[in-house]
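Biologist: I am new to this structure, and I would like a close look at a single part of it before anything else. Please choose one residue, describe its surroundings with care, and then place it within the whole.

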Amino acid sequence: IELTAHDCLLMPLVGFDAKGNRLGMGGGFYDRALAFIARRPPPRKRPLLVGVAHSCQELEQLPHEPWDVPLDIIVTERELIRPRR
């Protein structure tokens, strides 16, 4: 099934910031799988990208690269965060 067929993708996080940048396991798997989001011109159908983490994993700021795909929502045990862009 293509990723565009999904409504929502849950992604485990190692760390995240309030802008929706995420820190994963360092393999780049999610960014490569989600590269179609950056390549497609709007309007585009794409899944909602939801990061799942503990609140203690929030960092003030994470570095990000042009190919990084930011999260739409982050869910922790304390809150639902809608990233500021």
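**L34 and its setting**

Modeller: L34 has a relative accessible area of 2%, so L34 counts as buried, a word used for values under 20%, while exposed means over 50% and partly exposed lies in between (1.4 Å probe, protein chains only). What you see is a predicted model, in which local features need pLDDT of at least 70 and side-chain atom pairs count only at pLDDT 80 or more, whereas totals for chains, interfaces and linings use all residues. Residues are numbered from 1 along each chain as its sequence is written, and side-chain values use heavy atoms, with hydrogens and water left out.

L34 sits in the loop between helix 1 and helix 2 (35–39); helices (H or I, at least four residues) and strands (E, at least two) are DSSP runs, numbered from the N terminus. Once neighbours within four places in sequence are set aside, L34 is in contact with L3, L9, M11, L49 and V69, where contact means heavy atoms within 4.5 Å. One of these partners, L49, is 15 residues from L34 in sequence, and their C-alpha atoms are 9.6 Å apart in space.

Helix 1, on one side of that loop, also takes part in the lining of the largest pocket, to which helix 1 gives the most, with three residues. A pocket is found on a 1 Å grid over the protein atoms alone, as an open set of points where a 1.4 Å probe fits, with protein on both sides within 12 Å along at least five of seven lines, and lining residues have an atom within 4 Å of a point. The largest pocket has a volume of about 370 Å³, a volume being the space filled by probe spheres set on the points, which are joined across faces, edges and corners. Its lining counts 20 residues, and R22, L23, G24, M25 and G26 are those nearest its centre. Strand 3 (22–23) and helix 1 (29–33) are the elements that give two or more residues to this lining.

Seen as a whole, the protein chain has two helices and six strands, arranged along the sequence as β-β-β-α-α-β-β-β. Of its 85 residues, 36% count as buried, and among contacts with a separation of 6 or more, 60% join residues 24 or more positions apart.

Two other residues can be set beside L34. S55, in the loop between strand 4 (48–52) and strand 5 (73–75), counts as buried because its relative accessibility is 17%. The side chain of S55 makes a polar contact (N or O atoms within 3.5 Å, one able to donate a hydrogen and the other to accept it; residues adjacent in sequence count only if both atoms are side-chain atoms) with the side chain of E77, at 2.8 Å. R84, in the segment after strand 6 (80–81), is exposed because its relative accessible area is 57%. Apart from residues up to four places away in sequence, R84 touches A18 and K19; R84 and D17 are 67 residues apart in sequence, yet 9.5 Å apart in space, C-alpha to C-alpha.
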